[in-house]
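Dear colleague,

I am handing over the structure we spoke about, and I would be grateful if you could look through it with the notes that come after it.

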Amino acid sequence: MRDVAIIGVAQTKFGELWDSSFRDLVTEAGLGAIQDAQIEGNDLEAMFVGNMSAGLFVQQEHIASLITDNSGLNPVPCTRVEAACASGGLALRSGIMAVASGYHDIVISAGVEKMTDVVDSTGAIATASDQEWEAQQGVTFPSLYAMMARRHMYEYGTTREQLAMVSVINHSNAKHNLNAQYPFDISVEKVLNSSKVADPLRLLDCSPVSDGAAAVILCPAEDAKKYTDTPIYVKASAQSSGTIRLHDRKSLTTIDSSVNASREAFKMANMTPKDIDAVEVHDCFSINGLLAIEDIGFVEKGRGGPAIEEGMTRIDGDIPVNPSGGLKARGHPLGATGIAQAAEIVWQLRGEAGKRQIDGAEVGMTHNIGGTGGTAAVHIFSR
Ligand code: COA
């Protein structure tokens, strides 16, 4: 297997983007990444695109063809990758494997979702749970994560305020991110007074419904310096599957796929959680920001709440989490998220993150979950 490097990244603005169509978004991100890598479109040998459901959100299937055709990339082979909210993470992993195996040299991995054009985004998102056992019984994603939150509060004494802090920290990072959907500060009080969505989760515990796209360009590590002075090297790419249904789990407070993918990634990179300088975790709801730091191994199970309260995950804390603003405040266009996380880590490791820069970041990690953890993709990168 060959080592792989990232030589270009880009992300569109995330938000409710009336002026950009699905195809505009992915083209903008792709062109941005090509420009960042200082290559030409015809240097690309393959494309992988993460997308949860253009069918449900914009009534468009066969998006791989749509994308290459509209961006002038024909006949480059393009493959859509789907694993709900982990689609982007898996598109990244597919690109890495294509380069590592020697099958292709220069590959683009992108992610895109345009969610705000439908009236019932909650129903569309719920198709990522088990239809028969969950969605058809009226369960929604906020309610699934609410059950996990309630159980964590019961088992470990996690407080409502500690959950709110996850959102507060994300927003305080997002205010320095021009691409973020919600680039402004909020307070614990504001979270606790926002409208109830699924008890105990409130509006400001939730990631929003978002439009957006992101892209990265990959090449063999040995060639990377031909394109850039600051290649970012892929040290690990791990993926794990877990139960799609919550009721099949031994515990509601551990996401096994997160634990397994993180363990595998650390083994592959020959690293431990102590080696990570910056991490982008999948905080689709505040509870998942907390579970992630436990499941990855930054803190012991049950210690997530106190660690967040003590400031461990702040941008100047022991393990800065979600410098981009995370899913909560940067936004969460489902298929784009895993790629946007990688783009943020690349900017951090290159020292290009501006006012949200983590001093001296050398090693970064991304953690991308599908559904309530039916899929997890974890990547580790270094300068
Ligand atoms: N965080 C902060 N503000 C939000 C927000 C969020 N998550 N969602 C909406 N808002 C704001 C809107 O900008 C709007 O503000 P305005 O009145 O100043 O324009 C206001 O709240 C109302 O927006 P609206 O779109 O009517 O909210 P909604 O009630 O339809 O949707 C949620 C709110 C929480 C239900 C929706 O954001 C949601 O479903 N989030 C979860 C998405 C999800 O499940 N993703 C997959 C995870 S696995």
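The notes below take up the pockets, then a pair of helices, and finally some points of backbone geometry.

Please keep in mind throughout that this is a predicted model.

I begin with the pockets. The largest pocket holds about 500 Å³ of space, and of the 26 residues that line this pocket, those closest to its centre are Cys206, Ser207, Pro208, Val209 and Phe285. Helices α5 (121-126) and α6 each contribute at least two residues to the lining of the largest pocket, and by class that lining is made up of 18 nonpolar, six polar and two charged residues.

The second largest pocket has a volume of about 240 Å³, and it is lined by 13 residues, of which Met1, Ile96, Ala100, Ser237 and Met268 are the closest to its centre. Here at least two lining residues come from each of α4 (87-100) and β8 (232-241), while the division by class gives eight nonpolar residues, one polar residue and four charged residues.

Helix α6, already mentioned for its part in the lining of the largest pocket, also packs against another helix. This helix, which spans residues 141-156, meets α10 (residues 286-296) at an angle of about 60 degrees, and the two axes lie 9 Å apart. Because angles from 65 to 115 degrees would count as roughly perpendicular and those under 35 as roughly parallel, α6 and α10 are therefore described as oblique to each other. Their crossing is left-handed. On the α6 side the contact involves Tyr145, Met148, Ala149 and His152, and on the α10 side it involves Ile287, Asn288, Leu290, Leu291 and Glu294; taken together, the residues of this contact comprise six nonpolar, two polar and one charged.

Some points of backbone geometry may deserve your attention when you prepare the model. The peptide bond that leads from asparagine 74 to proline 75 is cis, with omega near 10 degrees, and proline 75 sits in the loop between α3 (63-70) and β3 (78-81). Aspartate 199 and proline 200 are likewise joined by a cis peptide bond, for which omega is about 10 degrees, and proline 200 is found in the loop between β5 (196-198) and β6 (201-202). Finally, glutamine 38, a residue other than glycine, has a positive phi near 55 degrees, and its place is in the loop that runs between α1 (22-37) and β2 (46-50).

With best regards

Methods
Residues numbered from 1 in each chain as written. Predicted model: local features only at pLDDT ≥ 70, side-chain atom pairs only at ≥ 80, totals over all residues. Heavy atoms only, no water. Axes fitted to C-alpha atoms, helices over the stretch in contact; angles between N-to-C directions. Helix = DSSP H or I, 4+ residues; strand = E, 2+ residues; numbered from the N terminus. Parallel < 35°, antiparallel > 145°, perpendicular 65-115°, else oblique. Left-handed = near helix turned anticlockwise from the far one by under 90°. Contact = heavy atoms within 4.5 Å. Nonpolar A, V, L, I, M, F, W, Y, C, P; charged D, E, K, R; others polar. 1 Å grid on protein atoms, 1.4 Å probe; cavity = no way out; pocket = protein on both sides within 12 Å on 5 of 7 lines; lining within 4 Å. Points joined across faces, edges and corners; volume = space filled by probe spheres on them.
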